[in-house]
Amino acid sequence: MGAPLYFSHPAGLEHETGDHPERPERLTAIERELGRREWLGYERRAAPEVALATLTAVHAEAYVERVRSASEGEGEALDAEGETVAGPGSFRAGLHAAGGACAMVEALLAGEAPVGFCGTRPPGHHAAPESTSGFCLFNNVAVAARHALDSLGAQRVFILDWDVHHGNGTNDVFRDSREVLFASIHQDGVYPGSGPLRDVGTRAGEGYTINLPVPAGSGEEAWVSLLEWIVVPAALQFRPDLVLISAGFDAHRDDEQGGCELEASSFGEMARHVRDLGERVGAPVGGVLEGGYALEPLADSVAATMEALAGDEPPDSTAPDFSTTRAASFIGHHWEL
Ligand SMILES: [Zn+2]
């Protein structure tokens with residue numbers, strides 16, 4: 001199996017947002033740090049544009065057209081708050097961000113590498129099929145998961161969203177589905193306000209959504225213990241053939257978009273748990289960049305994540321088997337496994 005894979009594209013720098021936290025310098029900071037560390041042994045690949053049919057498996061054609069036409073003008077807000085803007089370069093950046101995630105899952109499921117990471121923007125996890133908000137255009141991770149299920153032979157995809165904000169778009173895309181186990185750890189009481197503990201999915205997908213809001217001020221102990229004792233045991237039971245991380249880094253203590261207390265090394269520890277999970281079920285692991293707005297902490301956290309994914313260091317501790325943990329009583333009763 002080959003080296004870990006890093007996907008990016010210069011189009012990500014052409015999505016201009018003005019005076020805005022989600023800015024091109026995020027990618028520049030990440031790549032400067034990765035370059036300094038010799039790319040941590042990752043093979044760099046270009047993120048291609050997503051095929052339109054792959055994109056419209058998640059997003060309505062009218063929505064895709066709306067993003068395209070907004071990108072032809074001088075700049076236009078796509079949400080009521082005026083925070084999610086598209087201008088010249090935005091549509092193309094969005095196509096490459098979604099396409100990078102799809103190319104990554106193609107390579108991972110073809111056995112070309114055990115792990116990958118997409119250093120792309122705009123982010124995606126707040127984007128719903130017909131609307132968006134929260135700086136996102138297309139839901140990159142959802143499009144990639146759908147692509148894996150529809151075209152690449154995957155039967156079960158596990159998505160962990162560790163951005164400080166709830167991944168409401170991804171949650172909604174897969175809320176009725178048992179093909180995707182979606183787990184989100186996020187700060188309670190902040191944007192977008194969704195993702196309460198009681199939202200466990202609906203209909204056939206009941207029990208296949210895990211929402212774990214944490215209070216402001218939560219640090220590594222809270223985040224990692226939820227991952228270790230609830231999320232990973234559930235994912236082991238789910239037996240995914242692909243693991244994706246909606247990797248936002250705004251739960252870092254120095255990020256003003258969130259109020260949590262993680263360090264760069266905390267993301268490394270979470271990544272070790274996820275990589276360990278992937279190894280235990282024989283599934284490759286791919287990370288897709290979401291938020292993270294404090295440039296240096298973002299770059300350090302991405303590097304810590306990628307280093308942990310590519311390494312072989314075990315996590316500091318792992319919970320015992322699912323059946324013996326409280327996770328079984330927490331969510332297991334929803335499942336017909
Ligand atoms: Zn976020």
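Asp-163 is buried, at 0% relative accessibility, where buried means under 20% relative accessible area, exposed over 50% and partly exposed in between, with a 1.4 Å probe and protein chains only. The model is a predicted one, in which local features need pLDDT of at least 70 and side-chain atom pairs count only at pLDDT 80 or more, while totals for chains, interfaces and linings use all residues. Residues are numbered from 1 along each chain as its sequence is written, and side-chain values use heavy atoms, with hydrogens and water left out.

Asp-163 takes part in the zinc site, where the protein donors are Asp-163 (OD), Asp-163 (OD), His-165 (ND1) and Asp-250 (OD), at 2.0 to 2.8 Å from the ion. Donors here are N, O and S atoms within 2.8 Å of the metal (3.2 Å for Na, K and Ca); water is not among the atoms, so sites may look incomplete. Along the chain, the donor residues follow the spacing D-x1-H-x84-D. The angles subtended by the four donor atoms run from 52 to 151°, and the arrangement is therefore irregular. For comparison, four donors count as tetrahedral if all angles lie between 85 and 135 degrees; four count as square planar and six as octahedral if opposite donors are over 155 degrees apart and all others between 65 and 115, and anything else is irregular. His-165 is also buried, with a relative accessibility of 8%.

Attention turns next to the nonpolar interior. A nonpolar core is a set of buried Ala, Val, Leu, Ile, Met, Phe, Trp, Tyr and Cys residues joined through side-chain atoms within 4.5 Å. The largest such core has 50 residues, and Phe-117, Phe-158, Trp-162, Trp-223 and Phe-249 touch the most other members. Helix α7 (residues 220-238) supplies the largest share of this core, 10 residues; helices (H or I, at least four residues) and strands (E, at least two) are DSSP runs, numbered from the N terminus. A second, separate core holds 42 residues, among them Leu-55, Leu-78, Leu-108 and Phe-138. With neighbours within four places in sequence left aside, the contacts (heavy atoms within 4.5 Å) of Phe-117 include Leu-5, Tyr-42, Phe-249, Val-302 and Met-306.

Two of these partners, Val-302 and Met-306, are among the buried residues of helix α9. This helix (residues 295-310) has 16 residues and reaches 23 Å from its first C-alpha to its last, close to the 22 Å expected at 1.5 Å a residue, the expected span being 1.5 Å times one less than the number of residues. The elements covering its buried residues include β1 (5-8), α1 (25-36), β5 (115-118), β9 (242-247), α8 (264-281) and β10 (285-289).

Helix α5 (residues 140-151) has 12 residues, and its end C-alpha atoms lie 16 Å apart, in agreement with the expected 16 Å. The helix is largely enclosed by the rest of the structure, because 10 of its 12 residues are buried; these include Asn-140, Arg-146 and His-147. Gly-153, with a positive phi near 85°, follows α5.

Asn-211, in strand β8 (residues 209-214), is buried at 1% relative accessibility. Its side chain makes polar contacts with those of His-166, at 2.9 Å, and Asn-171, at 3.1 Å. A polar contact is a pair of N or O atoms within 3.5 Å; within protein, one must be able to donate a hydrogen and the other to accept it, and residues adjacent in sequence count only if both atoms are side-chain atoms.
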